[in-house]
Amino acid sequence: MMRRFGRIGVLIRVLVLLAAASFLGGLATAQPLGQTDAATADRLAALEKSSAAQAAAVAAAQSAGDNAWMLASSALVLLMSGPGLALFYGGLVRRKNILGTMMQTFAMMAVITVLWALVTYSLAFGEGSAFIGGLHNVFLRGVGLAPDVKYAATIPLQTFMVFQLMFAIITPALITGAFAERMKFSAMLVFMVLWAICVYSPMAHMVWGKGGLLNASLGGRFPCLDFAGGTVVHVTSGVSALVTALYLGKRLGYPQEAMAPHSVVLSFVGACLLWVGWFGFNAGSALSAGTLATSAFVATHFGAAAAAIGWSAAEWLRNKRCTALGAISGAVAGLVAITPASGFVTPMSALLIGLIAGVFCYLMVVKVKSAFGYDDSLDAFGVHGAGGTIGALLTGIFASSAINPIFGAGKATGLLEGNSGQLLNQAIGVAIAWCISIVGTLVILFIVDKVIGLRVSEEDERTGLDLSQHNEEGYDFAS
């Protein structure tokens, strides 16, 4: 027994000696405390630097993707003007007026671009009052390659500027459909320049500009939901178109003479180009390549399709047939109506908005126009004025915070969610757009008419705009 305890004691002494040796060896190889802290700090700094580099790379990739989408969207919106609208309107007029009509749209691409660079961008998006921007950004001063976080945090301000320019181009071009075949080219140019300054710029500022009265995203007094231009583009152009048509009077021979479109084929191609370009118009208004752009893209397509069916169904019920011209007109009406709602509604709501707009605009073109007898040559008011108005109001009903919580997380957006005041705000926005369009257009028409005259002579109107205004013809059958 004693020998056993003796052996255990020896074993314990050996283990103690080994532990002591290991501890002393560790002390011999260990770094001093100061050196350990420095090494740890270096490793942490390296990790932080790597993390910052990764975050910067992600942000740069997002900015590049967003910028690429916005430049592509800008090109798509320009596609809507030429060739889209030019072909759509050009095919609807008589053969002797095709070049004159297309030239009006093309002229806007040039004239409004220069005007935008000089002054109207500043009036629309510069710092100013609740009604119009100031002159801080004239000649594009201060509009550089750095983002403006109040408008779009991930794209250059110049990209935002050129995207908005494309809206400014097509809006006055839409008005030309109402006075097709009877306004002097020179008068049209002066009228459009003044209209862009006095009507479009203040309306764009009120809805989308910093401090604007109707700006829903930047705390406007009456937040009007207008994702891509229901009030700014379509109500203003459509109502101004009606005022212009009434002021100019009817075309010679209207409505006794047949004035059928000379080429529905051209209009068909133009309408399809408008449909494609409209994805840039609406989905591009998300100002980034994220999920909101996807939602607006889907809503745009669904709204157009449902409206084409709605218009065609109304035609079928009335005439027992549907026409190509009716189908493409319905699609455009749906695109107009879904424009203010595209970034706020679900796909099912988009279908319903499109269906309502298709039937409503058909009735405006066929019933209301006939009842009042005005000569809106290419139905600019019946499609854009009426479609923009109904679309803006329906936006206040169907807007969903699940798609776009513009008023904050958990807050109701549209009437169906419980925000009953939003429909009133939409009505206020529409009313302001109607008022500024009526008053502004009337004043401008009066001034231009007194200074240079608006309408071509009877002889020139019978000859056609191609020869009388441009001394050329769209079709040379002689050769």
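This tour moves through the predicted model stop by stop, naming what to select and what is found there.

**Stop 1: the largest pocket**

Begin by selecting Leu-325, Val-365, Lys-369, Ser-377 and Asp-379, the residues that lie nearest the centre of the largest pocket. Its volume is about 920 Å³, and 38 residues form its lining. By class, that lining consists of 22 nonpolar, eight polar and eight charged residues.

Next, colour the helices that contribute to this lining. H2 (33-92), H7 (264-283), H8 (291-319), H9, H10 (347-372) and H11 (380-398) each supply at least two of the lining residues. Which helix gives the largest share of the lining? Select H10: five residues of the lining come from this helix.

**Stop 2: helix H9**

Remain with one of the contributing helices and select residues 324-338, which make up H9. The helix has 15 residues and spans 21 Å between its first and last C-alpha, close to the 21 Å expected at 1.5 Å a residue. How many residues of H9 are buried? The count is 12 of 15, and H9 is accordingly described as mostly covered.

To display the buried positions, select Gly-326 together with the run Ile-328, Ser-329, Gly-330, Ala-331, Val-332, Ala-333, Gly-334, Leu-335, Val-336, Ala-337 and Ile-338.

**Stop 3: helix H11**

Select residues 380-398 to bring up H11, another contributor to the lining of the largest pocket. H11 has 19 residues, and its first and last C-alpha are 26 Å apart, close to the 27 Å expected at 1.5 Å a residue. Why is H11 described as largely enclosed by the rest of the structure? The description applies because 17 of its 19 residues are buried.

**Stop 4: the network around Asp-375**

Select Asp-375, in the loop between H10 and H11. With Arg-182 as partner, the side chain of Asp-375 meets in a salt bridge at 3.8 Å, N to O. This pair links distant parts of the chain, Arg-182 being in the loop between H4 and H5, 193 residues apart from Asp-375. Asp-375 and Arg-182 are both buried.

Now add Arg-251 to the selection; the side chains of Asp-375 and Arg-251 form a salt bridge at 2.9 Å, N to O. Here too the contact connects distant parts of the chain: Arg-251 belongs to the loop between H6 and H7, and the two residues are 124 apart. Arg-251 is buried, as is Asp-375. Extend the selection to Arg-94 and Glu-181, and the whole network is on display: salt bridges with shared partners join Arg-94, Glu-181, Arg-182, Arg-251 and Asp-375.

**Stop 5: Asp-148 and Lys-210**

The structure holds eight salt bridges. For another of them, select Asp-148 and Lys-210, whose side chains meet at 2.6 Å, N to O. Where in the chain do the two partners lie? Asp-148 is in the loop between H3 (98-125) and H4, whereas Lys-210 is in the loop between H5 and H6 (230-248), 62 residues apart. Are these residues buried or exposed? Asp-148 counts as buried because its relative accessibility is 16%, and Lys-210 counts as buried because its value is 13%; the cut-off for burial is under 20%.

**Stop 6: the second largest pocket**

Select H4 (157-175) and H5 (185-208), each of which supplies at least two residues of the lining of the second largest pocket. The largest share, three residues, comes from H4. The lining divides into 18 nonpolar, seven polar and two charged residues. This pocket has a volume of about 560 Å³. To centre the view, select Tyr-151, Ser-217, Phe-227, Ser-285 and Leu-287, the closest to the pocket centre among the 27 lining residues.

**Stop 7: the cysteines**

Finish with the cysteine sulfurs, where the count of disulfides is zero. Select Cys-272: the nearest cysteine sulfur is that of Cys-322, 15 Å away. Cys-272 is partly exposed, with a relative accessible area of 37%.

Then select Cys-435 and Cys-224. Why is there no bond to Cys-435? The closest cysteine sulfur, in Cys-224, is 14 Å from that of Cys-435 and therefore too far for a bond, given that a disulfide needs sulfur atoms within 2.5 Å. Cys-435 is partly exposed, at a relative accessible area of 48%.

Key: Residues are numbered from 1 along each chain as its sequence is written. This is a predicted model: local features need pLDDT of at least 70, side-chain atom pairs count only at pLDDT 80 or more; totals for chains, interfaces and linings use all residues. Side-chain values use heavy atoms; hydrogens and water are left out. Helices (H or I, at least four residues) and strands (E, at least two) are DSSP runs, numbered from the N terminus. The expected span of a helix is 1.5 Å times one less than its number of residues. Buried means under 20% relative accessible area, exposed over 50%, partly exposed in between (1.4 Å probe, protein chains only). On a 1 Å grid over the protein atoms alone, a cavity is a set of points where a 1.4 Å probe fits but cannot get out, and a pocket is an open set with protein on both sides within 12 Å along at least five of seven lines; lining residues have an atom within 4 Å of a point. Grid points are joined across faces, edges and corners, and a volume is the space filled by probe spheres set on the points. Ala, Val, Leu, Ile, Met, Phe, Trp, Tyr, Cys and Pro count as nonpolar, Asp, Glu, Lys and Arg as charged, and the others, Gly among them, as polar. A salt bridge is a side-chain nitrogen of Lys or Arg within 4 Å of a carboxyl oxygen of Asp or Glu.
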